[in-house]
Amino acid sequence: MSSTEARRADAVLAAAESWPGVRDGETMRSVALPGMTLSIRRRAAARDELEPALFVHGLGGSSRNWSALMQRLSDTVECEALDLPGFGASPPADSRDYTISGHARAVVRCLEASARGPVHLMGNSLGGAVATRVAAFRPDLVRSLTLVSPALPEWRPQRTALPTVLLGVPGASWLLRRAAGDYPPEQRARGVLRLCYGDPARITPEEFSGAVAELERRQVLPYFWESLTASTRGLLNAFSVGGQQSLWRQAERVLAPTLLIYGGRDRLISFRMARRASAAFRNSRLVTLPDAGHVAMMEFPDAVADAFRDFLDHHASTSPRPARAGDDDSGGG
């Protein structure tokens, strides 16, 4: 590692360690990788030898979005969540590549460097699209796939999703940035959470204060709007691609057992996409939460944790039993 890379890694580590919203039992660390430095949130496992899991957040989010679920799954899997480049405490990648492929590359490099794979890979929204691409092209890294309201192409987005879509339009994004500057962080954080929750009354004081603190920290970063608007543009571009690069075609390529979780009150990803996703992923189980919004793992972490455990139990019971020395499956006596 060069002296410049070392200084950058030290700066990111300092930022990660002081990043707001780190709960008791969690740690944050930075990992220097080729062309990027990522911040990783880790939840201490309740016991040794648990299978590893990696969580990937959505557009505008961070690893903090998974804290409630990681707390509940600490007795089931070894939990780590990353901040994608340009989000949370992770600076942009050197390439400034905010496409789905660029974010997928960050996940792959993280898994390869940690040697934790294959993992139980979980993604929400944008992170769901990223996780789908990783599972399609690197099946060796994915033990199972869990997608919470994944951002997969739909041609008739809900009206409530249009302001988010406009972030990817150069002229419109500039106007939205100007308008957002007129509102204090508390009001902006409340607006985002109300959009993402099915029932805003379920927003806990801890979640709200964490969202405000993180927004205050991020909005002074020089790349705050760059990462948000460019990632939105990258997602919209992925929606328009056909053929083998289509996210739906890549969903069909996924070999890993897949758990799909959709919220009935999702204002960003249409609930009607659940049926199409269930048909696209060949080995999938669909769980619908009628009262949940876009971030079910934050709004209903107990229900999502229970669904994930049931999913693991089901596949453990239906998977072929590994052969052991002395086994005789010839049928003879």
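# Exercises on a predicted model

Pro118 lies in the loop between helix 3 (100-114) and strand 5. The model is predicted. The exercises below start from this loop and move on to strands and helices.

## Exercise 1. The peptide bond before Pro118

Task: find the geometry of the bond that joins Gly117 and Pro118.

Solution.
- Step 1. Place the residue. Pro118 sits in the loop between helix 3 and strand 5.
- Step 2. Read omega. For the bond between Gly117 and Pro118, omega is about 0°.
- Step 3. Assign the bond. Gly117 and Pro118 are joined by a cis peptide bond.
- Step 4. Set this against the general pattern. Most peptide bonds are trans.

## Exercise 2. Two residues with positive phi

Task: compare the settings of Arg96 and Ser125. Are these residues buried, partly exposed or exposed?

Solution.
- Step 1. Recall the background. Most residues other than glycine have a negative phi.
- Step 2. Take Arg96. Its phi is near 55°, a positive value, and the residue is not a glycine.
- Step 3. Locate Arg96. It belongs to the loop between strand 4 and helix 3.
- Step 4. Check its cover. The relative accessible area of Arg96 is 44%. Partly exposed residues fall between the 20% and 50% cut-offs, so Arg96 is partly exposed.
- Step 5. Take Ser125. Here too phi is positive, at about 55°.
- Step 6. Locate Ser125. It is part of strand 5.
- Step 7. Check its cover. At a relative accessible area of 10%, Ser125 is buried.

## Exercise 3. Strand 3 and its neighbours

Task: work out which strands pair with strand 3 and how the chain gets from strand 3 to strand 4.

Solution.
- Step 1. Start with cover. Five of the six residues of strand 3 are buried, so the strand is largely enclosed by the rest of the structure.
- Step 2. Pair strand 3 with strand 4 (residues 77-83). The two run parallel and are joined by six bridges. Within this pairing, Ala53 has Cys79 as its bridge partner.
- Step 3. Trace the connection. From strand 3 the chain passes through helix 2 (residues 67-72) to strand 4. This β-α-β crossover is right-handed.
- Step 4. Pair strand 3 with strand 5 (residues 119-125). These strands also run parallel, with four bridges between them. Phe55 stands opposite Met122 of strand 5.

## Exercise 4. Two buried strand residues

Task: describe the surroundings of Leu54 and Thr146.

Solution.
- Step 1. Place Leu54. It is found in strand 3 (residues 51-56).
- Step 2. Judge its cover. Leu54 has 0% relative accessibility, so it counts as buried.
- Step 3. List contacts beyond four places in sequence. Among those of Leu54 are Glu80, Ala81, Leu82, Val107, Leu111 and Val119.
- Step 4. Look at one contact. Leu54 and Val119 are 65 residues apart along the chain, yet 6.5 Å separates their C-alpha atoms.
- Step 5. Place Thr146. It lies in strand 6 (residues 142-150).
- Step 6. Judge its cover. Thr146 is buried, with a relative accessible area of 2%.
- Step 7. List its contacts, again leaving out residues up to four places away. Thr146 touches Leu121, Met122, Gly123, Leu259, Ile261, Phe308 and Phe311.

## Exercise 5. One-sided helices

Task: determine where the buried residues lie around helix 7 and helix 11.

Solution.
- Step 1. Check the length of helix 7 (residues 185-196). Its 12 residues reach 16 Å from first C-alpha to last, close to the 16 Å expected.
- Step 2. Pick out its buried residues. They are Pro185, Arg188, Ala189, Leu193 and Cys196.
- Step 3. View helix 7 down its axis. The buried residues fall within an arc of 130°, so they line one face.
- Step 4. Repeat for helix 11 (residues 273-280). Met273, Ala274, Ala277 and Ala280 are buried.
- Step 5. View helix 11 in the same manner. Its buried residues cover an arc of only 125°, which puts them on the same side of the helix.
- Step 6. Find what this side packs against. The buried residues of helix 11 meet helix 10 (247-253), strand 7 (258-263) and strand 8 (284-289).
- Step 7. Turn to the face away from the buried side. Exposed Arg275 and Ala279 are carried there.

## Exercise 6. The whole chain

Task: state how many helices and strands the protein has, and what share of its residues is buried.

Solution.
- Step 1. Count elements. The protein has 13 helices and eight strands.
- Step 2. Take the buried share. It is 51% of the 333 residues.
- Step 3. Add the surface. About 15,100 Å² is exposed, and carbon and sulfur atoms supply 52% of it.

Key. Residues are numbered from 1 along each chain as its sequence is written. This is a predicted model: local features need pLDDT of at least 70, side-chain atom pairs count only at pLDDT 80 or more; totals for chains, interfaces and linings use all residues. Side-chain values use heavy atoms; hydrogens and water are left out. The expected span of a helix is 1.5 Å times one less than its number of residues. Buried means under 20% relative accessible area, exposed over 50%, partly exposed in between (1.4 Å probe, protein chains only). The arc is that of the directions from the helix axis to the C-beta atoms. Accessible areas come from the Shrake-Rupley method with a 1.4 Å probe; for residues, only the protein chains shown count as cover. Contact means heavy atoms within 4.5 Å. Two strands pair if DSSP finds at least two bridges between them. A crossover is right-handed if, with the strands pointing away from the viewer, the path from the first strand over the helix to the second runs clockwise.
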